[in-house]
Amino acid sequence: MIKNAVATLMVRLHHLPLPRAAPAPTYRCRRHITLPLPRPQASAAAMSTATEQAVADQKRALRADVRRALKALSPDQRASEDLAIQTTIMDSSWFKASKRLCAYISCKQLREVDTSKILEECLSSNPGQEELAKDLYVPRVEDKNRNMRMLKITTMDDLVKNSMNILEPSPVDATGKDREDVLSSSSPVDLLLLPGQAFDRTGRRLGRGGGYYDTFLMKYQELAKEKGWNQPLLVALSYSVQIMDEGVIPVNSTDVPIDALVSSSGVIPISAAALQRMR
Ligand SMILES: Nc1nc2c(c(=O)[nH]1)N(C=O)[C@@H](CNc1ccc(C(=O)N[C@@H](CCC(=O)O)C(=O)O)cc1)CN2
Ligand SMILES: Nc1ncnc2c1ncn2[C@@H]1O[C@H](COP(=O)(O)OP(=O)(O)OP(=O)(O)O)[C@@H](O)[C@H]1O
């Protein structure tokens, strides 16, 4: 019974960690995750509800810890990590080779790793450098039920602030035409640059708790499977203090693992796909 419960708890077998880059400093979380074992007489349904609640509580506590650690980062440290992470990505062969991607529009207030230089590079189409321009899709929250779309933009002027103070694309462009939704596109994206609150070297990712990214990633992975497309590389951007020791980040069955992590110390490829594409 307990064995079964543990199996249900540890819902997903995550990728093995195979760090290649110099390890980034790790933030040691105050709270270490312990598996809440249900009492033997609990029913299966009550057990899973209790487990889900425990995981949700542990995620909330970890988010609060990380929020504090991010707040304590000095502006100089933040700026230097922002630059190192973006430079690593823009100089990489896998980014240069990527022609179509999804990326987040970083929000200073949320203390997210800056993506402004990367976005600029994606949208750049200086005369004679058209080959550098990439198709770029960015998130737009549609409702509170985890529905987020990735819509194509061609300039940063396509963005407006939403109620959460995050820049996002309007659903229609200046000519009144619907922006292309990446889930309705006839071609795949090769790369997704992901935000998050905490990550580890086995591919675990903790988001802001909305479930928007996990839901979107699940839909995109299903679509790619249906269409016979290669799965896109899922690459998260992380400040050093957001990289946790193994076992600290709680996960449940809907958490989608990432393929690689980029920190100021470099790239940490995690999955087999990352090891192959990020050489
Ligand atoms: N830049 C960026 N865009 C994004 C996301 C993101 O994480 N980053 N999202 C990813 O989902 C979606 C928006 N989801 C969001 C979910 C929560 C919060 C937020 O402000 N959370 C507060 C806590 C609020 C609370 O606990 O009541 C926070 O994290 O401090 C913002 C965006 C889509 N766009
Ligand atoms: N694919 C899904 N289908 C159904 N529910 C989901 C899915 N993905 C996430 N959820 C639900 O959304 C809620 C928030 O999930 P979780 O705390 O894992 O989000 P997160 O990883 O912090 O956020 P995000 O994925 O947006 O970055 C949970 O109740 C979770 O069960």
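# Exercises on a predicted model

Helix H6 (residues 212–227) gives the most to the shell around ligand 2, with five residues. The model is predicted. The exercises start from that shell.

**Exercise 1. Describe the shell around ligand 2: how many residues surround the ligand, and which are closest?**

Step 1. Count the shell. Ligand 2 is surrounded by 15 residues.
Step 2. Name the closest. They are Gly-207, Gly-211, Tyr-213, Asp-214 and Thr-254.
Step 3. Sort the shell by type. Four residues are nonpolar, six polar and five charged.

**Exercise 2. Do the same for ligand 1: which residues come nearest, and how do the residues of the shell divide?**

Step 1. Around ligand 1 there are 17 residues.
Step 2. Tyr-104, Pro-139, Arg-208, Gly-210 and Tyr-212 come nearest.
Step 3. Look for the elements involved. Strand E2 (135–141) supplies at least two residues of this shell, and so does H6.
Step 4. Sort by type. The shell around ligand 1 has twelve nonpolar, three polar and two charged residues.

**Exercise 3. Place strand E11 (residues 260–263) among its partners. In which sense, parallel or antiparallel, does E11 pair with strand E12?**

Step 1. Recall how pairing works. Strands of a sheet pair through backbone hydrogen bonds, either parallel or antiparallel.
Step 2. Take strand E9 (residues 233–237). E9 and E11 are parallel, with three bridges. Leu-237 has Val-262 in E11 as its bridge partner.
Step 3. Take strand E12 (residues 266–269). E11 and E12 are antiparallel, with four bridges. Ser-263 is bridged to Gly-266 in E12.
Step 4. Check the link. E11 and E12 make a hairpin, with two residues between them.

**Exercise 4. Are the two faces of E11 covered or open?**

Step 1. In a regular strand the side chains alternate between the two faces of the sheet.
Step 2. Read one side. Ala-260 and Val-262 are buried there.
Step 3. Read the other. Leu-261 and Ser-263 are buried too.
Step 4. Conclude. Both faces of E11 are covered.

**Exercise 5. Find the largest nonpolar core. Which residues have the most contacts inside it?**

Step 1. The core has 53 residues.
Step 2. Leu-193, Val-235 and Ala-260 have the most contacts inside it.
Step 3. E9 gives the most to this core, with five residues.
Step 4. Follow Ala-260 outward, leaving aside neighbours within four places in sequence. Its contacts include Leu-233, Val-235, Val-267, Ile-268 and Met-278.

**Exercise 6. Lay out the open sheet of three strands. Why is one side of E8 and of E10 left without a neighbour in the sheet?**

Step 1. The order is E8-E7-E10, with mixed pairing.
Step 2. Strand E8 (205–206) and strand E10 (243–244) stand at the edges with a single partner strand each, so one side of each lacks a neighbour in the sheet.
Step 3. Inspect one pair. Strand E7 (residues 198–200) and E8 are antiparallel over two bridges. Phe-199 stands opposite Arg-205 in E8.

**Exercise 7. Classify Trp-94 and Pro-75: what is the exposure of each?**

Step 1. Locate Trp-94. It lies in helix H4 (residues 93–97).
Step 2. Trp-94 has 18 C-beta neighbours inside 10 Å, so it counts as partly exposed; buried would need 20 or more.
Step 3. List its contacts beyond four places in sequence. Trp-94 touches Leu-233, Arg-277 and Met-278.
Step 4. Locate Pro-75. It belongs to helix H3 (residues 75–91).
Step 5. Pro-75 has 7 other C-beta atoms within 10 Å, so it is exposed.

Notes: Residues numbered from 1 in each chain as written. Chains lettered and ligands numbered in written order. Predicted model: local features only at pLDDT ≥ 70, side-chain atom pairs only at ≥ 80, totals over all residues. Buried ≥ 20, exposed ≤ 12 C-beta atoms within 10 Å, placed from the backbone. Pairing = 2+ DSSP bridges. Near = placed C-beta within 6 Å. Nonpolar A, V, L, I, M, F, W, Y, C, P; charged D, E, K, R; others polar. Contact = placed C-beta atoms within 7 Å. Core = buried A, V, L, I, M, F, W, Y, C linked by C-beta atoms within 7 Å.
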